[in-house]
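Open the model in your viewer and keep the selection panel handy. This tour moves from one selection to the next and tells you what to look for at each stop.

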Amino acid sequence: MTEEKITQTLTYAGFILVAFELAKGMIVNPIETFYKNVTFDEGMPFKSYKQDVLSRHKNKFEASLLYLRDFMQAIDAEDVMTIQALRKHRNILAHELPQIIQDFDIAEHLQLLEKTEKALFKLSNHRAYMEFGTYFRLNNIGTNWDTVKGPEYCLFEEIVQNIKFLEIKEKNA
């Protein structure tokens, strides 16, 4: 195995670790922030973080995904499966890299990253709309909400571009 191949694989693994942490932050943090120190009035669709989110699964990440799918309808079942696949991929890289580094092929994982990119765009777009949509509507500011994305997603996009560059480099080596 060449030094360049090892460097590319380790760089890819680092990108995936960062990408997953960005995704996790986009999923868990906004929900926790929304519910933090808030009490909802009777008749509101929201109850409490414990009732609305944590009742869906014992794992906070899983519960947040289900909340975003079922309650907020920001993502669909395929998006949940894609994000779970990224999580599994991240865990394999984080825990089994020494065993798989020899035969690792970046190109095999590009489709997962492209699907993850689409799912995370939905989350980023949903979050931007939730945070700024009312302000824009009230102030009669027109915007194309189909294209709005947040800063975490922009960083994720950059990571995916770097991974594609690594894959091209690997292919040409």
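**First stop: a buried glutamine**

Select glutamine 8: with a relative accessibility of 4%, under the 20% cut-off, this residue counts as buried. Keep in mind as you look around that the model is predicted. Glutamine 8 is part of helix 1. Show its surroundings and, leaving out residues up to four places away in sequence, you will find that glutamine 8 touches Ile106, Leu166, Lys169 and Glu170.

**Second stop: helix 1 against helix 6**

Now select helix 6, residues 151–172, together with helix 1. Their axes are 10 Å apart and the packing angle is about 160 degrees. An angle over 145 degrees counts as roughly antiparallel, so helix 1 and helix 6 are roughly antiparallel to each other. The crossing of helix 1 past helix 6 is left-handed.

To see the contact, display side chains on both helices. Helix 1 contributes residues including Gln8, Tyr12, Phe15, Ile16 and Leu22, while those from helix 6 include Tyr153, Phe156, Ile159, Leu166, Lys169 and Glu170. Colour this contact by class and you should get 13 nonpolar, three polar and five charged residues.

**Third stop: helix 1 against helix 4**

Keep helix 1 (residues 3–35) and swap the partner for helix 4, residues 77–100. Here the axes come within 9 Å and cross at roughly 135 degrees. What does that angle make of the pair, oblique or roughly antiparallel? Helix 1 and helix 4 are oblique to each other, because the angle does not go over 145 degrees. Helix 1 passes helix 4, too, in a left-handed crossing.

Among the residues making this contact are Thr9, Ala13, Leu17, Phe20 and Ile27 on helix 1, and Ile83, Leu86, His89, Leu93 and Leu97 on helix 4. The class count for this contact is 13 nonpolar, two polar and three charged residues.

**Last stop: tyrosine 67**

Finally, jump to helix 3, residues 60–71, and pick out tyrosine 67. At 3% relative accessibility, tyrosine 67 counts as buried. Which residues surround tyrosine 67, leaving aside neighbours within four places in sequence? They are Ile31, Tyr35, Phe46, Asp52, Val53, Arg56 and Met72.

Two distances are worth drawing here. Between the side chains of tyrosine 67 and tyrosine 35 there is a polar contact of 3.0 Å. Between the C-alpha atoms of tyrosine 67 and valine 53, the separation is 5.7 Å, although these residues are 14 apart along the chain.

Methods
Residues are numbered from 1 along each chain as its sequence is written. This is a predicted model: local features need pLDDT of at least 70, side-chain atom pairs count only at pLDDT 80 or more; totals for chains, interfaces and linings use all residues. Side-chain values use heavy atoms; hydrogens and water are left out. Axes are lines fitted to C-alpha atoms, for helices over the stretch in contact, and angles run from 0 to 180 degrees between N-to-C directions. Helices (H or I, at least four residues) and strands (E, at least two) are DSSP runs, numbered from the N terminus. Angles under 35 degrees count as roughly parallel, over 145 as roughly antiparallel, 65 to 115 as roughly perpendicular and the rest as oblique. A crossing is left-handed if the near helix is turned anticlockwise from the far one by less than a right angle, and right-handed if clockwise. Contact means heavy atoms within 4.5 Å. Ala, Val, Leu, Ile, Met, Phe, Trp, Tyr, Cys and Pro count as nonpolar, Asp, Glu, Lys and Arg as charged, and the others, Gly among them, as polar. Buried means under 20% relative accessible area, exposed over 50%, partly exposed in between (1.4 Å probe, protein chains only). A polar contact is a pair of N or O atoms within 3.5 Å; within protein, one must be able to donate a hydrogen and the other to accept it, and residues adjacent in sequence count only if both atoms are side-chain atoms.
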